[in-house]
Amino acid sequence: MSGTIEIFNTSAGYGAAHGGVNYADLNYRNTVNALSQAVATTVGQNYTVSFWLGDDVGGDPVTVSFGGATLFNANTPAGLGFCRR
């Protein structure tokens, strides 16, 4: 993680996690933030990368990469959570 990412609990009243009770707020204090995860892979295997994303205001840029390839690069919609696969 880099920037000012905040981890919120659904009970805090700022929003709700898609699954479970915690979620990362990557737009915290209007800064550029990054969140990454290391994933063990095997050469020759197929993988599905999916994520849930929401934005209360909309228009924030989001880029998702895997293995050096950009899978998703767009602005978020307003007030909407969505799954990208």
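Here is a friendly exchange about a predicted model of one protein chain.

Biologist: Happy to look at this with you! How many helices and how many strands does the protein chain have?

Modeller: Reading from the N terminus on, the elements run β-β-β-β-β-β. The count for the protein chain is therefore zero helices and six strands.

Biologist: Thanks! In which strand is confidence lowest, and in which is it highest?

Modeller: As background, the chain averages a pLDDT of 77, and 78% of the residues score at least 70. Where pLDDT is low, the predicted coordinates should not be read in detail. Confidence is lowest in strand β6 (residues 80-84), at a mean of 50, and highest, at 86, in strand β5 (residues 69-75).

Biologist: Good to know. Is phenylalanine 66 buried, exposed or partly exposed?

Modeller: This residue is found in strand β4, which covers residues 61-66. Buried would need under 20% relative accessible area and exposed over 50%. Phenylalanine 66 has 31% relative accessibility, so the class is partly exposed.

Biologist: Which residues form a nonpolar patch on the surface, and what is their accessible area together?

Modeller: Phe66 is one of the members, joined by Val39, Tyr47 and Leu71. Together, Val39, Tyr47, Phe66 and Leu71 have an accessible area of about 350 Å².

Biologist: Lovely. And what percentage of the residues of the protein chain count as buried?

Modeller: Let's start from the outside: the chain exposes about 6,500 Å², with carbon and sulfur atoms supplying 50% of it. A residue counts as buried under 20% relative accessible area. Of the 85 residues of the protein chain, the buried share is 16%.

Key. Residues numbered from 1 in each chain as written. Predicted model: local features only at pLDDT ≥ 70, side-chain atom pairs only at ≥ 80, totals over all residues. Heavy atoms only, no water. Patch = residues over 30% accessible without salt bridge, like charges linked within 9 Å, V, L, I, M, F, W, Y side chains within 5 Å. Areas by Shrake-Rupley, 256 points an atom, 1.4 Å probe, with all protein chains shown as cover. Salt bridge = Lys/Arg side-chain N within 4 Å of Asp/Glu carboxyl O. Helix = DSSP H or I, 4+ residues; strand = E, 2+ residues; numbered from the N terminus. Buried < 20%, exposed > 50% of the residue type's maximum accessible area, 1.4 Å probe, protein only. pLDDT = per-residue confidence, 0-100.
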